[in-house]
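This report is written for a reader who has not seen this structure before. Please look over the sequence and the model first.

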Protein chains: 2
Amino acid sequence: MSNQDPPGHSGRPGAEGAWDATLSRHRSRNRERIAATAMELIGEHGLAHVSMSSLAERAGVSRATLYHYFPDLDHVLLAWVELQVDRFVSRVELLAGAEPDPRARLTLIIAQLTDYFASRDHRLGLEQLGTLAVAPVTARAVAERMSPLMELVSDCLRTGQKMGQFRPELDPEVHASLILGLLGAMRPHLVSGRYAPGGAARAVSSLVLEGVTRR
Amino acid sequence: MSNQDPPGHSGRPGAEGAWDATLSRHRSRNRERIAATAMELIGEHGLAHVSMSSLAERAGVSRATLYHYFPDLDHVLLAWVELQVDRFVSRVELLAGAEPDPRARLTLIIAQLTDYFASRDHRLGLEQLGTLAVAPVTARAVAERMSPLMELVSDCLRTGQKMGQFRPELDPEVHASLILGLLGAMRPHLVSGRYAPGGAARAVSSLVLEGVTRR
DNA sequence: GCGCACTATAGACAGTCTGTATACTTTCTG
DNA sequence: CAGAAAGTATACAGACTGTCTATAGTGCGC
């Protein structure tokens, strides 16, 4: 899937055409920087109060340039989600790729996600974007970009089921989103410092593992 | 706590002064109708694409009148959350008030929340408002309005701990928000029809109860 | 029955934001 | 160096915001 949108702005978030030209390193770095700036702003003022204009100003780029990079604000979010998910998934795959035991794998994924949430205190959690803030088209597109992360978890659950460790009756997809929801709910407590990342990871892991384990 | 804002618009979401005049039945019904309309619109287009103007139009009210009721869109959401939480909490208290057993109480609350989410398919889940969509002040105010719901759950957990049924080491407040987060994550699956409310409630209950029960 | 306070509305205002377009300058690349 | 791509300035119509003033409708006590 294309990581970028053509400057011509192919259209709605869900279905951008592949842009076969290779983007310069500079351009893609700029895209990333702008997206990160957008998330900073959103964290400060809330999505509803962030404009393309203020983003252009904060990112130190002209408004015209901004529209060169993204057709609208929704696409900025989309790019950000895609970036974060890609990065996160490849990191976890690096760490947990060799781990055959589903329980250990799941624990590791949860620990990594907790770390992720805890380290980006003032930034935003991935999970908070698939919501009612943006247009439904965008929400669907966000969900789609999230799917590699979902699959990371649901695959793990499926393997556990096949190996007889996890309950056969649970739906791996549904449970995967429950686990991510759980982590999202934990985020405020991580950010506030009420829970240390380690403690949070343990709490979520134990909740999840006990709910998932075959008795 | 005041359910309304004075027409003079006292200021920021967090701290509106008490407005001691009694509001006419008509006025408070109108407020409610407008808030519900706002949520409809947000569900259709996403918060970022809903304006006071479009809300006025859809609600069949002039823009000036809208500004008479609410100082801005954030306050509309706030009013809606307060209404829903009040309604939900009093309903659960009616149903579960007499139930002394924490496990049964928790199960009932979860079932009620699942029903709530399932019945309002195209509307919005309560949980999706405490996010990055609105200004941080508003987000805090929303969290505050959510607290009766939170307390419903955390009280239940505390009682269970005192009675020795639930693990003493878990933090009731944190766990309460985890449970609500879990329910929020279940909502899309309820809406999509993938899970029947009963099944969802059972899935969440079992996940929660097993994670919570003292071994 | 009358006036008064409250409520609703209309219309206007300056200011901001959007998305688009055109045309100019800078920077990269072959 | 020439041509392409990226970035910029500027302008535009249309929409939205929040505020204001003035006007019309409503319910209530006296």
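The text below takes up the chain copies, the two DNA strands and some aromatic side chains.

**Chain copies**

The model is predicted. Chain B is superposed on chain A by a rotation of 180 degrees with 0.0 Å of shift along its axis, at an RMSD of 0.0 Å. That is the relation of a two-fold axis. Of the interface residues of chain B, 100% are also interface residues in chain A, so the copies meet through the same surface.

**DNA strand C**

There are 15 residues around DNA strand C, and those that come nearest are Met52(A), Ser53(A), Arg63(A), Thr65(B) and Tyr69(B). On the DNA side, 58% of the atoms of strand C within 4 Å of the protein are accounted for by sugar and phosphate. Phosphate oxygens of DNA strand C have polar side-chain atoms of Ser53(A), Tyr67(A) and Tyr69(B) as partners; the distances are in the table below. Elements that give two or more residues to this surface are helix H2 (52-59) and helix H3 (63-69) of chain A, and helix H1 (25-45) and helix H3 (63-69) of chain B. H3(B) gives the most, with five residues. By class, the surface near strand C has five nonpolar, seven polar and three charged residues.

**DNA strand D**

Around DNA strand D there are 15 residues, of which Thr65(A), Tyr69(A), Met52(B), Ser53(B) and Arg63(B) come nearest. Sugar or phosphate holds 57% of the atoms of strand D within 4 Å of the protein, and the rest belong to bases. The side chain of Arg63(B) has an N or O atom 2.7 Å from a base oxygen of DNA strand D. Helix H1 (25-45) and H3 of chain A, with helix H2 (52-59) and H3 of chain B, are the elements that give two or more residues to the surface near this strand. The largest share, five residues, comes from H3(A). This surface divides into five nonpolar, seven polar and three charged residues.

Contacts to phosphate oxygens are listed here.

| Residue | DNA strand | Distance to a phosphate oxygen |
|---|---|---|
| Ser53(A) | C | 2.9 Å |
| Tyr67(A) | C | 3.1 Å |
| Tyr69(B) | C | 2.6 Å |
| Thr65(A) | D | 2.6 Å |
| Tyr69(A) | D | 2.7 Å |

**Aromatic side chains**

Over all chains, a search of the whole structure finds six aromatic pairs. The ring centres of Tyr69(A) and Phe70(A) are 6.4 Å apart and their planes stand at 35 degrees, so this pair is tilted. Tyr69(A) and Phe70(A) are both buried. Phe88(A), Tyr116(A) and Phe117(A) form one aromatic cluster.

Terms used
Residues are numbered from 1 along each chain as its sequence is written. Chains are lettered from A and ligands numbered from 1 in the order in which they are written. This is a predicted model: local features need pLDDT of at least 70, side-chain atom pairs count only at pLDDT 80 or more; totals for chains, interfaces and linings use all residues. Side-chain values use heavy atoms; hydrogens and water are left out. Copies are superposed by least squares on the C-alpha atoms of residues with pLDDT of at least 70 in both. Contact means heavy atoms within 4.5 Å. A residue is near a molecule or strand if one of its heavy atoms lies within 4 Å of it. A polar contact is a pair of N or O atoms within 3.5 Å; within protein, one must be able to donate a hydrogen and the other to accept it, and residues adjacent in sequence count only if both atoms are side-chain atoms. Helices (H or I, at least four residues) and strands (E, at least two) are DSSP runs, numbered from the N terminus. Ala, Val, Leu, Ile, Met, Phe, Trp, Tyr, Cys and Pro count as nonpolar, Asp, Glu, Lys and Arg as charged, and the others, Gly among them, as polar. Rings of Phe, Tyr and Trp (its six-membered ring) pair if their centres lie within 6.5 Å; planes under 30 degrees apart count as stacked, over 60 as edge-to-face and the rest as tilted. Buried means under 20% relative accessible area, exposed over 50%, partly exposed in between (1.4 Å probe, protein chains only).
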